[in-house]
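Please look over the following model before reading on. The paragraphs after it go through the sheet, the helices, the core, the ligand shell and some backbone details.

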Amino acid sequence: MTPGHLQIVVCAAGPAPDVTTLINTAHEQSWTTAVTATPHATRFIDIPAIEELTGAPVRSDYRTSPGTRRSLPTADALVIAPATYNSINKIALGLADNYAMTTIAELIGRHVPTVIVPFVNTALATRHPYRRAVASLRDEGVHILLGPDHDWEPHPPGTGNDRRLTFPWTTAFHAAAALAEKAQPQK
Ligand SMILES: Cc1cc2nc3c(=O)[nH]c(=O)nc-3n(C[C@H](O)[C@H](O)[C@H](O)COP(=O)(O)O)c2cc1C
């Protein structure tokens, strides 16, 4: 597996604190990582611990230190996990109302291989807007880990804590790395 740089976007859902599993999995394969969080997700994660692990600031807004260029991250692959109902709907519509959404919109537009891992309950997952969002993103070439082929399904409301334990962090990394390899076979 060719190493690269993995951009991770975390949304405000139960498994968010476990994003360190994805970071560690990527590092074990010699990938570098950086984490961007939605504004709500900043309350779910241990930002200093993640910054220590990745060696990069956790970005959640457009503010930069004096003299620092305002730029969107470069990446060989993007993993959005856990992805909320809210964010999946916004991404499909192309909304860019915060730094994380802007980053995602631009990286998908640059054809950076992208994997989304939803953490959405069955009540929300039956909504037509959500189903349309998933279909639209797949149509755009985004890889969504969802459904029987991926052994990852929405959970009944109120069971998120149990389901959090089986969140497919490792599968998400390997899917992203495989897409990156396919996108740049010469690397
Ligand atoms: C404790 C807690 C757990 C939540 N878990 C989920 C979840 O598993 N999936 C989801 O789609 N939304 C969940 N939500 C709701 C989202 O946090 C909410 O829709 C938020 O606006 C999402 O923001 P974001 O998409 O910008 O991260 C949860 C909210 C709280 C307070």
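Helices and strands here are DSSP runs, numbered from the N terminus; a helix needs at least four residues and a strand at least two. The model is a predicted one. In these terms, D151 sits in the loop between β5 (143–144) and α7 (160–164).

The sheet is a convenient place to start. It is open and consists of five strands in the order β2-β1-β3-β4-β5, with parallel pairing. The strands β2 and β5 form its edges, each of them pairing on one side only. In general, strands of a sheet pair through backbone hydrogen bonds, in either the parallel or the antiparallel sense. Here β1 and β3 pair in the parallel sense over four bridges, and I8 stands opposite V79 in β3. The pairing of β3 with β4 is likewise parallel, over four bridges; L78 has T114 in β4 as its bridge partner.

How many residues of β3 are buried? Seven of the seven are, so the strand is largely enclosed by the rest of the structure. A residue counts as buried if 20 or more other C-beta atoms lie within 10 Å of its own. P82 belongs to β3, which spans residues 77–83, and the peptide bond that joins A81 and P82 is cis, with omega about -10°. As a rule, most peptide bonds are trans.

Next come the helices. In α4 (residues 99–109), the buried residues are A100, M101, T103, I104, L107 and I108. These residues lie on the same side of α4, because they cover an arc of only 160° around the axis. The general background is that an α-helix has 3.6 residues a turn, so residues three or four places apart point the same way. The elements that cover the buried residues of α4 include β1 (5–10), β2, β3, α3 and β4 (114–118). After α4 comes H111, with a positive phi near 65°.

Helix α3 has Y85, S87, I88, K90, I91 and A92 as its buried residues. Their cover includes β3, α4, β4, α5 (122–125) and α6 (128–139). Thus α4 is among the elements covering α3, and α3 is in turn among those covering α4. G94 follows α3 and has a positive phi near 80°.

The nonpolar interior can be described through its core. The largest nonpolar core has 57 residues, and those with the most contacts inside it are V10, L22, A77, V79, A172 and A176. Helix α8 (residues 169–183) gives the most to this core, with eight residues. A176 touches L6, A77, V79, P113 and V115, leaving aside residues up to four places away in sequence. One of these contacts, V79, is also the residue that I8 stands opposite in β3.

What surrounds the ligand? There are 14 residues around it, and C11, A12, A13, T38 and T84 come nearest. Helix α3 (residues 85–93) supplies the largest share of this shell, three residues. Sorted by class, the shell has seven nonpolar, seven polar and no charged residues.

Some backbone details remain, and they lie in loops. Most residues other than glycine have a negative phi. S30 is not a glycine, yet its phi is positive, about 70°. S30 is found in the loop between α1 (19–28) and β2 (32–37). Is S30 buried or exposed? S30 counts as exposed because it has 10 C-beta neighbours inside 10 Å, and the limit for that class is 12 or fewer.

D151, introduced above, is also a residue other than glycine with a positive phi, near 55°. D151 counts as exposed because 10 C-beta neighbours lie inside 10 Å.

P154 lies in the loop between β5 and α7 as well. With 19 other C-beta atoms within 10 Å, P154 is partly exposed, since burial requires 20 or more. Residues up to four places away in sequence aside, P154 touches V120, N121, T122 and A125. R43 is 111 residues from P154 in sequence, and the two are 23 Å apart in space, C-alpha to C-alpha.

Methods
Residues are numbered from 1 along each chain as its sequence is written. This is a predicted model: local features need pLDDT of at least 70, side-chain atom pairs count only at pLDDT 80 or more; totals for chains, interfaces and linings use all residues. A residue is near a molecule or strand if its C-beta atom, placed from the backbone, lies within 6 Å of it. Ala, Val, Leu, Ile, Met, Phe, Trp, Tyr, Cys and Pro count as nonpolar, Asp, Glu, Lys and Arg as charged, and the others, Gly among them, as polar. Two residues are in contact if their C-beta atoms, placed from the backbone, lie within 7 Å. The arc is that of the directions from the helix axis to the C-beta atoms. Two strands pair if DSSP finds at least two bridges between them. A nonpolar core is a set of buried Ala, Val, Leu, Ile, Met, Phe, Trp, Tyr and Cys residues joined through C-beta atoms within 7 Å.
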